[in-house]
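Please open the structure in your viewer and keep the selection tool ready, since each stop on this tour begins with something to select.

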Amino acid sequence: MASSLLPHVFKFLWAPLVDTTLSLKKWYVFSGIITAAGILATGLLPIKESSLPLLTLIVVLANVAVSFQGIATNGLAAHDTPNEMKGRVGGYSQAGNLGGAGLGGGAGLALTQHLSNPWMPAAILAASCLLCISGLLFVTEPPSTVKAEKTLQTLKNLFKDIWLTAKARLGFLALFLCFLPLSTGAASNLWSAVSADWKAGPDTVAFVTGLMGGIITAAGCLVGGWFCDRMDRQKAYLIFGVMQAICAVAMAYSPHTEWMYIFWTSLYALTLGFAYAAFSAFVFEAIGKGAAATKFTVYACLSNIPIYYMTIIDGWAHTHYGPTGMLNTEAVMGVLSIVLFFPLIKLISVKKAGIHSVNY
């Protein structure tokens with residue numbers, strides 16, 4: 001339901017709490033417990049229309065807890081990961097986010113079909129969520145460079161850290177990437193709408209856009225993260241964006257058959273995993289430490305903007321120019337993004353070199 005998405009849209013509003021109050025590990029534990037309780041509650045609630053308002057409230061609260069858990073996770077990852085491993089960490093983070101949702105949903109559905117009581121699948125998933133807390137044993141709690149004795153000073157430290165990151169070269173480039181319609185994967189939101197054009201049946205669409213798509217995207221995240229530790233992460237993101245654009249164009253002009261639908265949507269999911277990993281790796285590199293949980297959350301929320309408007313643009317293109325026009329439109333927007341991004345990299349590099357020359 002739409003209410004489950006709202007906390008993840010507005011989580012940047014409460015992300016500063018994670019950096020300015022309790023420790024990152026405590027936030028992870030508390031949010032994990034509340035998340036597990038929310039999952040269990042959905043299984044215990046009677047399945048009837050009168051339960052809908054309470055179910056909606058539980059879903060919203062559980063997703064608020066999930067958002068806190070994600071914020072704390074990114075903060076811990078930023079502090080406890082050496083620079084040479086940030087690509088792989090970005091890949092693992094996205095693989096867990098995307099693949100975990102698909103695998104968790106699939107596991108919940110399978111358990112529901114094989115267990116008689118509705119509370120049993122919920123209890124198993126809730127217990128699995130609690131087990132994730134054990135991962136904290138292998139992570140170091142970072143000392144805070146933001147917290148001060150006075151709340152006002154703590155907030156000043158927080159916003160100063162965000163500002164210094166945003167105006168730094170890598171921080172500004174990452175911020176610029178957040179608004180570009182590159183590697184958005186927006187077309188994947190419309191695979192069901194265009195399936196008839198490739199003669200793909202409902203079962204095929206459900207398979208490639210559900211469990212299989214989630215697994216392929218997660219695999220792409222892991223592979224993409226590995227590559228990001230072996231090359232410039234900015235260039236990796238651009239290369240993966242080109243790959244996604246090529247995939248879109250190739251799908252547009254390939255034979256419109258069900259097998260081609262399966263092949264190209266799967267390849268598109270793989271490139272999407274590459275791009276997600278590269279974006280996270282780039283952001284981890286740009287934000288450094290300090291108020292890392294808040295900074296990563298801000299970048300992550302901003303990155304949803306092009307996904308939203310590209311989904312609208314793709315839908316408009318499909319209505320007026322069909323599936324081929326939709327895929328070509330997405331590819332063109334991606335190429336234009338790269339055309340804009342390359343000059344910006346050179347301009348910032350020149351300015352930085354000029355400053356160093358004056359200082360010298």
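Helices here are DSSP runs of H or I of at least four residues, numbered from the N terminus. The model is a predicted one, and the tour starts in one of its loops.

**Stop 1: the loop after H8.** Select Leu182, which sits in the loop between H8 and helix H9 (191-194). Is Leu182 buried or exposed? Its relative accessible area is 1%, and because buried means under 20%, Leu182 counts as buried. Show what surrounds Leu182: apart from neighbours within four places in sequence, the residues in contact with Leu182 are Tyr237, Leu238, Gly241, Gly334, Ser337 and Ile338. If you draw a distance from the C-alpha of Leu182 to that of Gln244, you should find 8.8 Å, although 62 residues separate the two in sequence.

Now add Ser183, which belongs to the loop between H8 and H9. Ser183 has a phi near 55°, a positive value in a residue other than glycine, and with a relative accessible area of 7% this residue is buried. As background, most residues other than glycine have a negative phi.

**Stop 2: Tyr237 and the largest core.** Select Tyr237, which, leaving aside neighbours within four places in sequence, touches Leu177, Leu182, Ser183, Ala275, Ala278 and Phe279. Tyr237 is also among the residues with the most contacts inside the largest nonpolar core, a set of 32 residues, together with Leu173, Phe240, Phe284, Ile287 and Phe341. To see where this core comes from, colour helix H4 (52-79), helix H8 (169-179), helix H12 (233-253), helix H13 (258-287), H14 and helix H15 (304-359), each of which supplies at least two of its residues. H13 gives the most to this core, with ten residues. A second core, separate from this one, has 21 residues, including Trp191, Val205, Met212 and Ala252. In soluble globular proteins, nonpolar side chains tend to be buried together.

**Stop 3: along H13.** Select H13 by itself and follow it from end to end. At 1.5 Å a residue its 30 residues should span 44 Å, and the C-alpha atoms at its ends are 43 Å apart, which agrees. H13 is mostly covered, since 22 of its 30 residues are buried. Directly after H13 comes Gly288, with a positive phi near 65°.

**Stop 4: where H7 meets H8.** Select helix H7 (residues 151-167) with H8, and look at how the two pack, at an angle of about 80° and with their axes 4 Å apart. An angle from 65 to 115 degrees counts as roughly perpendicular, and H7 and H8 are therefore roughly perpendicular to each other. Show the side chains at the meeting point, where Thr165, Ala166 and Lys167 of H7 meet Arg169, Gly171 and Phe172 of H8. By class, this contact has two nonpolar, two polar and two charged residues.

**Stop 5: two last residues.** Select Thr297, which is found in helix H14 (residues 292-302) and is buried, with a relative accessible area of 2%. Beyond residues up to four places away in sequence, Thr297 touches Lys11, Phe12, Ala15 and Ile71. Finish with Lys199, in the loop between H9 and helix H10 (202-209), whose phi is near 60°, again a positive value in a residue other than glycine. Lys199 is exposed, with a relative accessible area of 61%, whereas Ser183, where the tour met a positive phi, is buried.

How values were computed: Residues numbered from 1 in each chain as written. Predicted model: local features only at pLDDT ≥ 70, side-chain atom pairs only at ≥ 80, totals over all residues. Heavy atoms only, no water. Buried < 20%, exposed > 50% of the residue type's maximum accessible area, 1.4 Å probe, protein only. Contact = heavy atoms within 4.5 Å. Core = buried A, V, L, I, M, F, W, Y, C linked by side-chain atoms within 4.5 Å. Expected span 1.5 Å × (residues − 1). Axes fitted to C-alpha atoms, helices over the stretch in contact; angles between N-to-C directions. Parallel < 35°, antiparallel > 145°, perpendicular 65-115°, else oblique. Nonpolar A, V, L, I, M, F, W, Y, C, P; charged D, E, K, R; others polar.
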